[in-house]
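Hello,

Here is the structure I promised to pass on to you. Have a look at it first, and then read on for what turned up in it.

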Amino acid sequence: MDNIFANLFRFRQTREVAPISAVPKTTTDGVGKPTVASGTFEERIVRAGSQQIALTVSAVYRATELRAKTMGVMPVQYRKRNAEGGNYTVDMKGLGRRINYLLQEQPNPITTAASLWEQVAIDRIMKGNGFVYIERMPGMDIPKALWLVRLGNYDIITGRYNISYLSDNGYVVKVDVPRDDVLHFPNTFRMQNGFWGISTVQYAAETLSIIKTQKAQSLEVAAKGGRMKLVIGETLNNGQVAPISSGIFDPKEVEKYAEELNDKIYQQDVIALRNLNSVQNISMTSADMQLLEQMNLGLDDVARFWAVPRPLLMLDTNSHYNDYQNATMEFHTRTILPDKTEMEKEIARKLIGFADYGYRDIHICEDPLMVMDPERRAKVAQLKMQAGLCTVNEARRDFDMPAVEDGDVPMASANLMTLKALIAKSDASTQLKPGTYTVGEPPKEGDESA
């Protein structure tokens, strides 16, 4: 285990579960330096401070909240294969009902499922790793509760986790936790071992510091009225300023004063120069005016790091509805879908395993993402019914409407048919050969020859 890994997540060497009433208790590292379960106080302050500094950038706060809230609204479903239809349906009987209650409603006594998955997304982005501890019933493989892990590390040699989480009985520290009992969601970029995630804040630190520097510099420029081009000259009778050609100033002295002015204007707010007749402001330099425009370039970098399109960060004031709609689709497809898939696989391998593979699965349902767009939602339901993918009653159920009579029979568009039926229809239309045909009168009633 490398030194960085060990320093970031250091735990006391103890074998028993250690409940802690408040924050992790202080210990010493042998030389009198105060430490806690996660490392030194200085390390904790640096990590917390870097996150807080990052969140002072409004675009970072918005991007992080947007990703977390989106993951929080999608319910995590524990499903089983339907013996009749062969498809997966949400398991609401016996153990399946218990697991779905933990995943979708109340994972533990102190939080909701939505808050749990939101915090996992935040930890994954801001800390590099999100953890959930699966507390199982004593002596059984049945999940009892899901706890958000606040601090954790992993021993590659033993394959065990050391974790700390806040329970309804205070902080709890556990060591040598089997890896099957910890849901681990690392960030996209990871350390060289390919296992431990790296914080997005760490990757974006340089960009964020540039934004902070640009902002401070811009405010300083604005406070001083801007860095300006100045002309040193003589005031004429008409009030105009003319370059000095003669009079009390020697051209060499004027050049010397200009150099002095150029040096001081970058360091002082109020400048007094000797024996100057007149100074005229022309304008800010082009570089200074471009400095204010560069602020938006920094926010573009934030949008890229957090994989959130600009319109969703409220950066494009002239955007119309289609821009937001397209940006939302891009966000869901390129950002949320990969995160959703990774979480499904991790939860499935820890809660289902190989024995039930193919018979049960974990699905993070994306339907709530369309709830606030009724037009789009209705179009999807219409397309499903036209293609025979759902019945009328199934579509009505999604809108929380009662079932109707004969609404459980699938329907499809009449202009769709199999290739076999299409060929048969074509053959039937070409059976008659070209020629003249006469149609006799229909048989009369009672005519036996008919």
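How many bridges join strand β5 to strand β15, and in which sense do the two run? The model is a predicted one, and in it five bridges join β5 (residues 76-81) to β15 (residues 360-364), with the strands running antiparallel. To find your place in this pairing, look for Q77, which stands opposite H363 in β15. β5 is also joined to strand β6 (residues 88-90), again antiparallel, by three bridges. There, R79 stands opposite V90 in β6.

Next, a run of strands that you may like to view together. Strand β8 (residues 143-155) pairs with strand β9 (residues 160-167) in the antiparallel sense, and six bridges hold the count for this pair. Y154 faces Y161 of β9, the two standing opposite each other. Four residues lie between the strands of this hairpin, and G159 takes a positive phi there, near 70 degrees.

β9 then pairs with strand β10 (residues 170-178), also antiparallel, over seven bridges. These strands form a hairpin too, with two residues between them. Here I163 stands opposite K174 in β10. As for exposure, β9 is mostly covered, since six of its eight residues are buried.

One residue of β8 deserves its own mention: L151 is placed in that strand. Is L151 buried or exposed? Its relative accessibility is 15%, and because the cut-off for buried is under 20%, L151 counts as buried. From L151 to V173 there are 22 residues in sequence, while their C-alpha atoms are 9.1 Å apart in space.

Now to the helix I would open first, α3. This helix covers residues 58-73, so to speak 16 residues in total, and reaches 22 Å from its first C-alpha to its last, close to the 22 Å expected at 1.5 Å a residue. Its buried residues are A59, V60, A63, T64, L66, R67, A68, T70, M71 and G72. As a reminder, an α-helix has 3.6 residues a turn, so residues three or four places apart point the same way.

Two of those buried residues, R67 and M71, turn up again in the lining of a cavity. The structure holds one cavity of 30 Å³ or more, and the largest cavity has a volume of about 70 Å³. What lines the largest cavity? The lining is made by R67, M71, V120, A121, R124, I125, F185, D339 and M343. The elements that give two or more residues to this lining are α3, α5 (113-126) and α9 (321-351). Of these, α5 gives the most, with four residues. If you are thinking in terms of chemistry, the lining has six nonpolar and three charged residues, and no polar ones.

Last, the cysteines. The structure holds zero disulfides. C365 has a relative accessible area of 8% and C390 one of 10%, and both count as buried because each value is under 20%.

Do write back if you would like to go through any of this together.

Best wishes

Note on methods:
Residues numbered from 1 in each chain as written. Predicted model: local features only at pLDDT ≥ 70, side-chain atom pairs only at ≥ 80, totals over all residues. Heavy atoms only, no water. Expected span 1.5 Å × (residues − 1). Buried < 20%, exposed > 50% of the residue type's maximum accessible area, 1.4 Å probe, protein only. 1 Å grid on protein atoms, 1.4 Å probe; cavity = no way out; pocket = protein on both sides within 12 Å on 5 of 7 lines; lining within 4 Å. Points joined across faces, edges and corners; volume = space filled by probe spheres on them. Nonpolar A, V, L, I, M, F, W, Y, C, P; charged D, E, K, R; others polar. Pairing = 2+ DSSP bridges. Disulfide = S-S within 2.5 Å.
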